[in-house]
Amino acid sequence: MTPDELLRRITARPDVFGGKPIIRDMRISVELILSLLAQGERAEALLEDYPGLELEDVRACIAYAHAVIANDSLDAVRIGK
C-alpha cells in the first residue's frame with residue numbers, strides 16, 4: 001500500500017474523540033496506537049488486543065505521524081471523512 005492509500009484509513013468525526021484522528025471510523029484513535037507502539041508494544045500484540053484492527057491500520061498510524069511531521073502541521077494532512 002502506498003502512503004496515500006494508508007492515510008485513507010485514517011478518519012475523523014466530530015462525535016468520536018472530539019474529532020481526533022481515528023482508524024477507519026472505529027473507536028480506536030491514532031494517538032492510542034502510536035502511544036502503545038512508543039511504549040514497545042508489538043504490532044502483532046495490538047492486532048490480538050483490538051479485534052478488527054489490521055496490520056495496514058497500524059502502518060497507517062505510522063504514515064499519519066510521518067505526514068504530520070513532514071508537513072510540520074496537522075492542517076496539512078488530509079484525513080478521510
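This passage describes the overall architecture of a predicted model and then follows a few of its residues through their surroundings and salt bridges.

In the predicted model, the protein chain contains four helices and two strands, and these elements follow one another along the sequence in the pattern α-β-β-α-α-α. Of the 81 residues in the protein chain, 36% are buried. The surface that the protein chain exposes amounts to about 5,200 Å², of which carbon and sulfur atoms supply 52%. When contacts between residues at least 6 apart in sequence are considered, 44% of them join residues at least 24 apart.

The stretch around the two strands can be approached through Thr11 and Gly19. Thr11 belongs to strand 1, and with a relative accessible area of 9% it is classed as buried, because the cut-off for that class is under 20%. The side chain of Thr11 reaches the backbone nitrogen of Asp25 at a distance of 3.0 Å. Gly19, by contrast in its location, is found in the loop that runs between strand 1 (10–11) and strand 2 (22–23). The relative accessible area of Gly19 is 28%, so this residue is partly exposed, a class that lies between the limits of 20% and 50%. Once its neighbours within four places in sequence are set aside, Gly19 is in contact with Ala12, Arg13 and Pro14. Gly19 can also be placed relative to Ser29, from which it is separated by 10 residues in sequence and by 9.9 Å in space, taken from C-alpha to C-alpha.

Arg13, one of the residues that Gly19 contacts, takes part in salt bridges with two acidic partners, Asp15 and Asp25. In the bridge between the side chains of Asp15 and Arg13, the N to O distance is 2.8 Å. Asp15 is exposed, with a relative accessible area of 53%, whereas Arg13 is partly exposed at 27%. In the bridge between Arg13 and Asp25, the closest N and O atoms are 4.0 Å apart. This second pair links distant parts of the chain, since Arg13 sits in the loop between strand 1 and strand 2 while Asp25 sits in the loop between strand 2 and helix 2 (30–38), 12 residues apart. Asp25, the residue whose backbone nitrogen is reached by the side chain of Thr11, is itself partly exposed, with a relative accessible area of 41%.

Salt bridges were also considered for the structure as a whole, and a search of it finds seven. One of them is formed by Glu54 and Arg9, whose closest N and O atoms are 3.1 Å apart. This pair, too, links distant parts of the chain, with Glu54 in the loop between helix 3 (43–49) and helix 4 (55–71) and Arg9 in the loop between helix 1 (3–7) and strand 1, 45 residues apart. The two partners fall into separate accessibility classes: Glu54 counts as partly exposed at 33% relative accessibility, and Arg9 is buried, with a relative accessible area of 13%. Arg9 and Glu54 also belong, together with Arg24 and Asp57, to one network that is joined by salt bridges sharing partners.

Note on methods: Residues are numbered from 1 along each chain as its sequence is written. This is a predicted model: local features need pLDDT of at least 70, side-chain atom pairs count only at pLDDT 80 or more; totals for chains, interfaces and linings use all residues. Side-chain values use heavy atoms; hydrogens and water are left out. Buried means under 20% relative accessible area, exposed over 50%, partly exposed in between (1.4 Å probe, protein chains only). Contact means heavy atoms within 4.5 Å. Accessible areas come from the Shrake-Rupley method with a 1.4 Å probe; for residues, only the protein chains shown count as cover. A polar contact is a pair of N or O atoms within 3.5 Å; within protein, one must be able to donate a hydrogen and the other to accept it, and residues adjacent in sequence count only if both atoms are side-chain atoms.
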